[in-house]
Structure formats: C-alpha cells, structure tokens
Amino acid sequence: MDVSFQLLGSGAVRTNPDRMGPAQIVKVGGRVLMFDCGRNAGTQLAKAGILPHTVDRLIYTHLHFDHTADSVYFIFVGWVYARKNVLKIWGPKGTKNYVEKLVRPPHEVDIASRLGHDKPEFGLDPEVADIVPGSVFLKEDGYQVSAMQIPHGNILALAYKVETDDGKKIVVCGDGQPTPKFVEWTKGADLVAIECSGTKEFLATQPWGSWHATPPEIAKYGNDARVKRLVTKHFVMEDIAGDKNAAEKMSATIRETYKGEVHTGRDLLEIKL
Ligand SMILES: [Zn+2]
Ligand SMILES: [Zn+2]
C-alpha cells in the first residue's frame with residue numbers, strides 16, 4: 001500500500017511567517033488522514049494540492065489552540081466546496097464539546113445566510129468522537145489508527161499510530177514526552193513525527209518547558225524504540241529566542257547518538273514510505 005507523510009506546518013504557537021501551525025497528513029492508499037489543524041492548515045492543504053472537501057478524517061492530538069486554530073476555516077470551506085462524505089473528527093476527551101460549540105453557535109448568521117441561497121445543509125456538521133486512549137478507533141481500507149496518551153503538562157494529549165495491513169507504521173505525536181510505554185507502543189516504526197520545541201537549556205528557561213521533550217530525550221527515544229526515521233517539528237525556540245538555525249542545531253544534537261535518519265521539519269516536507 002502506498003503510504004506517505006507530509007508536514008503541513010512545522011511551527012507552533014507564535015506567528016512565524018516561515019512556519020505555519022501544527023498540522024500534517026498521512027496518505028494511506030486513497031485516503032488522506034489529517035492530524036491537527038493549526039494556523040493556515042487549510043491553505044497548506046491547498047499548497048499540497050489537496051482540496052479541503054476531499055479530507056474527511058481529522059484527528060486532534062490535543063486541544064491547545066495552536067493545534068486547532070484553523071478548524072473553523074477547514075470545516076466551513078469543506079462545506080462550501082461541497083463534501084461528498086461527512087467529516088469525521090476524533091480527539092481526546094473534550095473534542096466533541098469543542099467542535100459542537102465551534103461550528104453552529106458562533107456561526108448562526110453565516111449558516112442562515114448560506115442556507116438562504118439553497119446551499120444544502122449536508123457536509124456542515126462533522127461527526128465527532130472523543131477517543132479512549134489505548135484503543136483502535138479507526139479501522140478501514142487496509143489500515144488502522146490507534147491512540148496512546150502521552151504526558152504534556154496539565155492537558156490530555158494523544159499520539160497516534162497508523163498501521164497498514166502490509167506492515168507499515170507511522171506515528172504522529174502532538175506535544176509531549178516519550179515514556180517507556182510509548183517506546184514499546186511505537187517499536188520499529190518507519191517514521192515518527194515528534195515535537196522538538198527547543199534545546200534543553202532553552203526549555204529550562206520557560207515556565208512550560210517541562211511539558212516538552214528535549215533533543216537528547218528524543219535521540220534516546222529513537223534508539224530505544226528502534227525508529228527508522230524521525231521528523232522534527234513544533235519549533236518554539238526559533239520564535240522566542242530568534243535563532244533561525246535552532247531546528248538544524250537540534251537535529252545535529254539528535255544525530256550525535258540516534259542511529260536512524262533525522263529529517264528537520266519544514267512546511268510541506270513530504271516523505272514517501
Ligand atoms: Zn503545541
Ligand atoms: Zn501543546
């Protein structure tokens with residue numbers, strides 16, 4: 001089965017014009033799975049040559065706004081383009097409540113206006129489910145997706161594993177730190193997309209720094225789990241410390257000990273497996 005990973009946005013919270021917000025897609029066979037929907041994800045999809053109404057699987061890693069910020073645009077523009085299938089959304093506990101409040105209540109005026117020119121209602125309301133960590137929540141067309149909780153400060157965060165029937169394994173993390181259980185769960189993965197927010201020294205200066213993985217921790221994780229390739233992303237340090245080379249320097253630190261490939265994330269980076 002043809003499988004590929006594409007990073008839509010390699011940035012994080014702040015308005016870095018060179019890096020859009022967290023979002024990525026995994027293509028499995030003919031299906032596009034979208035993980036997170038951060039700043040400008042809809043536009044990034046277009047740059048990747050994908051129209052929004054053709055993506056009907058959206059999965060949130062957690063509900064920090066940098067990972068969800070473009071949801072309104074993505075959901076509504078998909079409706080405008082006329083979805084053929086209902087958009088299905090999954091995420092940690094709280095996702096159903098989040099999406100329900102996001103779609104109809106603030107947009108009553110817009111929705112009434114569009115329905116007023118005979119726009120069909122179909123395709124507007126997503127079908128949303130909160131995921132129970134540890135479960136396979138999606139199984140179809142020769143692949144399955146399961147979720148595992150990872151520590152990320154005081155918020156519930158999930159990582160996802162896409163496995164194909166012919167043995168390919170891609171893991172998409174949001175924010176958070178690898179644990180021994182996570183090592184076991186991701187063993188032998190072909191690709192793991194992992195956050196690399198800042199150096200150990202930088203994170204130590206931030207009040208939220210302990211919520212993120214440091215480059216040496218990422219390298220150790222990659223070796224322990226025998227991951228074939230890591231894709232780094234979510235470069236907070238670049239935005240706060242202003243060091244444009246921070247992402248490459250962190251990759252160099254990871255390569256000092258990690259035995260697999262390291263791909264420094266950039267917007268629209270695509271890796272075919
Ligand atoms: Zn984040
Ligand atoms: Zn976060």
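A residue is taken as buried if 20 or more other C-beta atoms lie within 10 Å of its own. In this predicted model, L87 counts as buried because it has 23 C-beta neighbours inside 10 Å. The residue is placed in the loop between α2 and β5, and, when neighbours within four places in sequence are left aside, L87 is in contact with D56, L58, I75, G78 and P126. Two of the residues touched by L87, I75 and G78, also appear among the buried residues of α2, which are S71, F74, I75, G78 and W79. Seen down the axis of α2, these buried residues fall within an arc of 130 degrees, so they line one face of the helix. The buried residues of α2 pack against α1 (41-47) and α3, and just after the helix A82 takes a positive phi of about 75 degrees. With respect to L138, which lies 51 residues away in sequence, L87 is 14 Å distant from C-alpha to C-alpha.

A second loop position, L63, lies between β4 (57-59) and α2 (71-80). L63 has 18 C-beta neighbours inside 10 Å and therefore counts as partly exposed. Apart from its neighbours within four places in sequence, L63 is in contact with T68, G91, P92, G94, T95, Y98 and I155. The C-alpha atoms of L63 and D36 are separated by 9.2 Å, although these residues stand 27 residues apart along the chain.

The strands on either side of these loops belong to an open sheet of seven strands, arranged in the order β6-β5-β4-β3-β2-β1-β14 and with mixed pairing. The edges of this sheet are formed by β6 (127-130) and β14 (270-272), each of which has a single partner strand, so that one side of each is left without a neighbour in the sheet. On average, and with direction ignored, neighbouring strands here are turned by 15 degrees against each other. Within the sheet, β3 (residues 31-35) pairs with β4 in the parallel sense over two bridges, and I59 in β4 is the bridge partner of F35. Helix α3 (residues 95-103) packs on the sheet, where it touches β5 (88-91) and β6, and its direction makes about 150 degrees with that of β6.

A further open sheet of seven strands follows the order β7-β8-β9-β10-β11-β12-β13, again with mixed pairing. In this case β7 (136-140) and β13 (261-264) stand at the edges with a single partner strand each, so one side of each has no neighbour in the sheet. Neighbouring strands are turned by 20 degrees against each other on average, direction ignored. Strands β8 (residues 143-150) and β9 (residues 157-164) run antiparallel and are joined by eight bridges, with Q149 standing opposite L158 in β9. The hairpin formed by β8 and β9 has six residues between the strands, and G153 in this hairpin takes a positive phi near 60 degrees. Strand β9 also pairs with β10 (residues 169-172), in the antiparallel sense and over four bridges, and here V162 stands opposite I170 in β10. The hairpin of β9 and β10 has four residues between the strands, and G167 in its turn has a positive phi of about 95 degrees. Towards the β13 edge, β12 and β13 run parallel and are joined by four bridges, T264 in β13 being the bridge partner of T232. Helix α9 lies across β12 and β13, running at about 170 degrees to β13.

Helix α7 (residues 215-224) has P215, I218, A219, Y221 and G222 as its buried residues. These fall within an arc of 160 degrees when seen down the axis of α7, so they line one face of the helix. They are covered by elements including α5 (180-185), β11 (191-195), α6 (200-203), β12 (229-233) and α9 (246-257). Just after α7, R226 takes a positive phi of about 50 degrees.

The largest nonpolar core has 70 residues, and those with the most contacts inside it are L33, A159, Y160, I170, V172, V192 and A193. Of these, Y160 touches F35, I59, V145, A147, V171 and V172, residues up to four places away in sequence not being counted. Among the contacts of Y160 are therefore both members of the bridge pair F35 and I59.

Note on methods:
Residues numbered from 1 in each chain as written. Chains lettered and ligands numbered in written order. Predicted model: local features only at pLDDT ≥ 70, side-chain atom pairs only at ≥ 80, totals over all residues. Buried ≥ 20, exposed ≤ 12 C-beta atoms within 10 Å, placed from the backbone. Contact = placed C-beta atoms within 7 Å. Pairing = 2+ DSSP bridges. Axes fitted to C-alpha atoms, helices over the stretch in contact; angles between N-to-C directions. Core = buried A, V, L, I, M, F, W, Y, C linked by C-beta atoms within 7 Å. Arc of directions from axis to C-beta.
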